[in-house]
Amino acid sequence: MATKHLPLDQLGWDHLRALLEVARSGALAPAARKLGVDQSTISRRLAQVEYSSGGTLFRRDRKGIVLTPFGREVFTRVEKMETALHEIQGLTADRFGQNAGTVSIATMEGVGAMLISRAVRKLHERFAAIEIQLATTSNYVDIARRESDIFVSFFEPPPKSLHTQKVADVHFHLYASASYLAGREIARPEDLAQDFFIGYIDDPIYLPSARWLEEFVDAPRIGFRATSMFSQLFAAQEGLGVVLLPSYAEAESFGLIRLLPDRSARVPLFISVQYDLQYLPHIRAVFDLLAQLMAEKLAAQQPAASA
């Protein structure tokens, strides 16, 4: 089918959304899934935008479909249109008291399972018409590319286009099983100099986990690494070695013994949302209440962390 010539001011929002989603995902298939259409429809819409704008918006390389310099200029301006639309949607929802929709949250496995999942019931009680979607991942989530509405992490994302706030400090402690300790008393960090440690695989998402561990022991000997907090916890439970876990892991309930109880590593936890998405009432409602519930949960664990 030949591409029709339409002036830019006659293009529909569906055409421009195709541009946004392909630019963010770098491929046709995920953009089509996001918009609920097939790939051929996405291709036709992109062709129409290119034809109407008079320039090439995308090129292909080994990473997928990427914006050309001209495409980047167009994308930036269409994003501003999207932001304005979200603000208008927020005004309309506020006016009519609407608080419904879907909110996607991305985070690491342990935070998702032990903090966010335990907050969902209260979120649902307050906002029954909002569907929460939680994705836990061992990969970096680029919230700036709209891979999720809300992102919870141990690092503060770059501020560009994001609103980020600190939730609370999370206390990390050393743990080991009774079978591993075999009656040993650990009174000082030096008592762990020859021990076997469990840690995260070196990856940006796990941040400086080795540095956190070095707050307790100089040059720890790590013999097992995993992307999963639970894999580390269960390996320690089996008597493999010493592991560094956050307070929300509730390691004592798995039979682990806290070592050096007066010492902890304090790591800030952050929650982020797109600047424009924060104007949508259902996203802002979940963002604010989730931050409050996680802070309360971590505060409740604070006395045990400092005992």
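**From a β-hairpin to buried helical positions**

In this predicted model, R59 stands opposite V66, a residue of strand β2. The pairing to which these two positions belong is formed by strand β1, residues 58-61, and strand β2, residues 64-67. The two strands run in the antiparallel sense and are linked over 4 bridges. The connection from β1 to β2 is a hairpin of 2 residues.

Attention may now turn to the helices, beginning with a packed pair. Two packed helices are described by the angle between their axes and the distance between the axes. For helix α1 (residues 13-25) and helix α2 (residues 28-35), the angle is about 130° and the axes lie 8 Å apart. Because of this angle, α1 is classed as oblique to α2. The crossing of the two helices is right-handed. On the α1 side, the contact is made by R17, A18, E21, V22 and S25, while α2 contributes L28, P30, A31, K34 and L35. Sorted by class, the residues in this contact of α1 with α2 comprise 6 nonpolar, 1 polar and 3 charged. An α-helix has 3.6 residues a turn, so residues three or four places apart point the same way.

Helix α5, which spans residues 109-116, presents another situation. Of its 8 residues, 6 are buried, and the helix is therefore largely enclosed by the rest of the structure. The buried positions of α5 are G110, V111, G112, M114, L115 and I116.

Two single residues in other helices may be examined in the same manner. Q232 is located in helix α9, residues 229-237. What is the relative accessibility of Q232, and is the residue buried or exposed? Its relative accessibility is 2%, and since buried means under 20% relative accessible area, Q232 counts as buried. When neighbours within four places in sequence are left aside, Q232 is in contact with I198, G199, Y200, A226 and V243.

A291 lies in helix α10, which covers residues 281-306. With a relative accessible area of 6%, A291 is likewise buried. Which residues touch A291 once its neighbours within four places in sequence are set aside? The contacts of A291 are then Q165, V167 and I271. A relation to a position remote in sequence can also be given for A291: A168 is 123 residues away along the chain, yet the two C-alpha atoms are 8.9 Å apart in space.

Technical notes. Residues are numbered from 1 along each chain as its sequence is written. This is a predicted model: local features need pLDDT of at least 70, side-chain atom pairs count only at pLDDT 80 or more; totals for chains, interfaces and linings use all residues. Side-chain values use heavy atoms; hydrogens and water are left out. Two strands pair if DSSP finds at least two bridges between them. Axes are lines fitted to C-alpha atoms, for helices over the stretch in contact, and angles run from 0 to 180 degrees between N-to-C directions. Angles under 35 degrees count as roughly parallel, over 145 as roughly antiparallel, 65 to 115 as roughly perpendicular and the rest as oblique. A crossing is left-handed if the near helix is turned anticlockwise from the far one by less than a right angle, and right-handed if clockwise. Contact means heavy atoms within 4.5 Å. Ala, Val, Leu, Ile, Met, Phe, Trp, Tyr, Cys and Pro count as nonpolar, Asp, Glu, Lys and Arg as charged, and the others, Gly among them, as polar. Buried means under 20% relative accessible area, exposed over 50%, partly exposed in between (1.4 Å probe, protein chains only).
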